[in-house]
Amino acid sequence: MDEVCEGKDFSFPVEEERVLRGLLEELDAFPPLHGGGGGGGEEFIFYDGPPFATSLPHYGHLLTGTIKDAVTRHHAMRGRHVAHRFGWDCHGVPVERAINEPLKITTRAQVLEMGIGNYKDGAATSSPSTSPSGEAVVTRMGRWIDFEDGYKTMDIKFMESVWWVFAQLWDKDLVYKSFKVAVLRVMPYSTGMKTPLSNFEAGQHRKFVPAETAMVSFPVVGDVDNAALVAWTTTPWTLPSNLALGVDANFVYAKVYIVFKLDQLPVTVKVTGKKPGPSKGSSGAAKNGLDTKSYELLEKIPGRP
């Protein structure tokens, strides 16, 4: 029995390396490494969604990877034939971004000038899936994985298999055109690539930029004071499509006469159409939720009639 190491002399990194050496080099414990895929019985097929080829497996893969490994290992230990294949997702926006940035490609015309073949080859060589680091990370997770029989979604055989499956769906009339309803939010869309984006893709390279906002007045038809509703929007580009302006039934709105200074000169902005009489008890302090030094209250109007 190995000597037990306790307390301050114990090192998790050293113990991890010892276990890995014991399992891989001495015991040859993983079934894929000695053939058979875990048994020669009935085949068990497990479709594993591969990680993106733009980055190595990370902490987020630990939980899902461990669960997937438990499922395939269970069936392998029951004598079923399991192909513990590992794959890399080499398609999509993240891969295109990985090659666009170093080459400073920003338009489709630049891709065509470079040539589709050269662009594709550049994306393939920039993938971390070609590095042994990915194998080391997955091995440290303790998964039973056959890297020698791995696959990449850019493999011709893999792409042909996907098109074959799609053809089967098409022949069975199971392919249809529809719309995705995005409730209370805008569907992320790339105008450059002309394609919808997933939440993951839309969240990449998130940047904080100055917000374009606007204050817009909407004249109230038939109001005796020729008043206007004032609205503030952080998405002024949506204004042309607005069909109505809503009010909150639980809010109380104020009809006011606005007074402020512009360039240190006293200027009165006539918003309501008529100038109010002297402010009642106004001394410049906030009253009724309004800064009476800048606003003179004419009327309070409930949102619900």
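**A tour of aromatic rings and nonpolar cores**

Begin by selecting Phe 158, which is partly exposed, with a relative accessible area of 29%. The model on the screen is a predicted one.

Keep Phe 158 displayed and add Tyr 151. The relative accessibility of Tyr 151 is 15%, so this residue counts as buried, the cut-off being under 20%.

A pair of aromatic rings is described by the distance of the centres and the angle of the planes. The structure holds five aromatic pairs. One of them joins Phe 86 and Trp 88, which should be selected next. How many degrees lie between the planes of Phe 86 and Trp 88? The angle is 80°, with 5.6 Å from centre to centre, and the pair is edge-to-face. Return now to Tyr 151 and Phe 158: their ring centres are 5.4 Å apart and their planes stand at 10°, so this pair is stacked.

Select Phe 86 once more. Is Phe 86 buried or exposed? Phe 86 counts as buried, at 6% relative accessibility. Trp 88 likewise counts as buried, at 6% relative accessibility.

Extend the selection to Ala 53, Cys 90, Val 138 and Ile 145. Together with Phe 86 and Trp 88, these residues make up the largest nonpolar core, which has six residues in all. Another core, of five residues, lies apart from it; among its members are Phe 30, Ala 76, Val 82 and Trp 144.

Finally, keep Trp 144 in view and select Arg 73. Where does Arg 73 lie in relation to Trp 144? Arg 73 lies over the face of Trp 144, at 4.3 Å from the ring centre.

Notes. Residues are numbered from 1 along each chain as its sequence is written. This is a predicted model: local features need pLDDT of at least 70, side-chain atom pairs count only at pLDDT 80 or more; totals for chains, interfaces and linings use all residues. Side-chain values use heavy atoms; hydrogens and water are left out. Rings of Phe, Tyr and Trp (its six-membered ring) pair if their centres lie within 6.5 Å; planes under 30 degrees apart count as stacked, over 60 as edge-to-face and the rest as tilted. Buried means under 20% relative accessible area, exposed over 50%, partly exposed in between (1.4 Å probe, protein chains only). A charge sits over a ring if NZ of Lys or CZ of Arg is within 6 Å of the ring centre and within 35 degrees of the ring normal. A nonpolar core is a set of buried Ala, Val, Leu, Ile, Met, Phe, Trp, Tyr and Cys residues joined through side-chain atoms within 4.5 Å.
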